[in-house]
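Please look over the chain shown below before reading on. The paragraphs that follow lead through the ligand, the domains and a few backbone details in turn.

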Amino acid sequence: MAEKLRIGVLASGGGTNLQSIIDGCQAGSINAEIVTVISNNPSSGALIRASNAGVMTQCIDHRSFEKRDDFDSEVVAALKENNVQLVVLAGFMRIIGQRFLDAFPNRIMNIHPALLPSFPGLHVQQKALDYGARFAGCTVHFVDGGVDTGPIIAQAVVPVLDNDTDESLSARILVQEHKIYPQAIEWFAQGALSITGRKVIVSAQVQDSTQELINPPLDH
Ligand code: GRF
């Protein structure tokens with residue numbers, strides 16, 4: 001078995017994606033070790049989940065820095081000190097600056113709760129509902145200099161139901177987030193991901209699926 005990939009997770013919120021990655025590492029379905037969890041938010045649930053799992057935590061509060069670059073430099077230093085090989089953004093609510101990107105080229109992943117390139121930015125489950133989209137979903141992508149614009153690794157699709165609320169749709173999407181993020185990290189750990197332009201090639205043994213999704217379903 002290859003050596004475990006050293007990952008650093010950055011999170012600002014409740015940390016359910018972090019939990020799915022902790023669980024995957026513990027179960028051995030991700031060949032990685034979370035060497036640090038960093039949050040900009042002292043009351044983030046992610047910090048509690050990490051300490052419950054015995055993972056090192058660091059709180060770097062962005063409000064203590066005047067400039068974003070200084071905050072970024074502190075986070076980069078913490079990641080480098082721990083020899084992090086892949087940075088995993090799991091509900092991290094700060095924009096990643098150029099200096100940070102340059103420190104981890106093609107080594108920062110993010111999860112976004114929409115089917116990019118539709119609905120980048122914030123409050124996107126509500127935006128999909130307001131738009132009347134019939135499908136929503138989530139996207140794991142590498143991070144580049146734009147907002148939710150980097151090369152796409154994996155996506156999962158869920159139907160939007162007529163009686164959906166922001167909460168019910170977000171919950172249905174979150175279930176899928178917890179499946180595709182651990183898988184994308186495991187592919188990275190295997191060295192199975194390569195980037196050509198905007199495209200990510202997955203060289204792992206993946207089954208092609210041509211199954212279509214139609215919502216609402218056809219009568220017959
Ligand atoms: C998720 O919906 C993720 O897609 C978005 O922020 C949310 C984080 O949730 N980037 P959690 O903190 O992982 O529970």
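**A walk through the model**

In this predicted model, an oxygen atom of the ligand is 3.4 Å from a polar backbone atom of Gly 14, and that pair is a convenient place to begin. A polar backbone atom of Asn 17 is likewise found 2.8 Å from an oxygen atom of the ligand. Glu 177 takes part through its side chain, where an N or O atom lies 2.8 Å from an oxygen atom of the ligand.

These three residues belong to a longer list of residues around the ligand, which runs through Gly 13, Gly 14, Gly 15, Thr 16 and Asn 17, then Gly 91, then Ile 111, His 112 and Pro 113, and ends with Leu 174 and Glu 177. To place them in the chain, it helps to know that the domain assignment gives domain 1 as residues 1–105 and domain 2 as residues 111–204. Read against those bounds, the list around the ligand includes Gly 14 and Asn 17 from domain 1 as well as His 112 and Glu 177 from domain 2.

How far apart do the C-alpha centres of domain 1 and domain 2 lie? The distance between these centres is 19 Å, and the contact between the domains involves 18 residues of domain 1 and 15 residues of domain 2. The size of an interface is often given as the accessible area lost when the parts come together. Here the area buried between domain 1 and domain 2 is about 1400 Å², and carbon and sulfur atoms give 72% of it. Between the two domains the count of salt bridges is zero, whereas four residue pairs, both members at pLDDT 80 or more, are in polar contact.

On the side of domain 1 that touches domain 2, the elements giving two or more residues are the strand β1 (5–10), the helix α1 (16–27) and the strand β4 (86–89). Of these, α1 gives the most, with four residues. Sorted by kind, the residues on this side of domain 1 are twelve nonpolar and six polar, with no charged residue among them.

The backbone deserves a separate look. Most residues other than glycine have a negative phi, and most peptide bonds are trans. Against that background, the peptide bond from Leu 116 to Pro 117 is cis, with omega near 10°, and Pro 117 sits in the loop between β5 (108–112) and α5 (124–131). Phe 119, found in that loop between β5 and α5 as well, has a positive phi of about 55° although it is not a glycine.

Two further places call for attention along the chain. Asp 148, in the loop between β6 (135–142) and β7 (152–159), is not a glycine and yet has a positive phi of about 60°. Finally, in the segment after β9 (199–202) lies Pro 216, which is joined to Asn 215 by a cis peptide bond with omega of about 0°.

Methods:
Residues are numbered from 1 along each chain as its sequence is written. This is a predicted model: local features need pLDDT of at least 70, side-chain atom pairs count only at pLDDT 80 or more; totals for chains, interfaces and linings use all residues. Side-chain values use heavy atoms; hydrogens and water are left out. Domain bounds come from an automatic or database domain assignment. Contact means heavy atoms within 4.5 Å. Buried area is the accessible area (1.4 Å probe) that two parts lose on being put together, summed over both. A salt bridge is a side-chain nitrogen of Lys or Arg within 4 Å of a carboxyl oxygen of Asp or Glu. A polar contact is a pair of N or O atoms within 3.5 Å; within protein, one must be able to donate a hydrogen and the other to accept it, and residues adjacent in sequence count only if both atoms are side-chain atoms. Ala, Val, Leu, Ile, Met, Phe, Trp, Tyr, Cys and Pro count as nonpolar, Asp, Glu, Lys and Arg as charged, and the others, Gly among them, as polar. A residue is near a molecule or strand if one of its heavy atoms lies within 4 Å of it.
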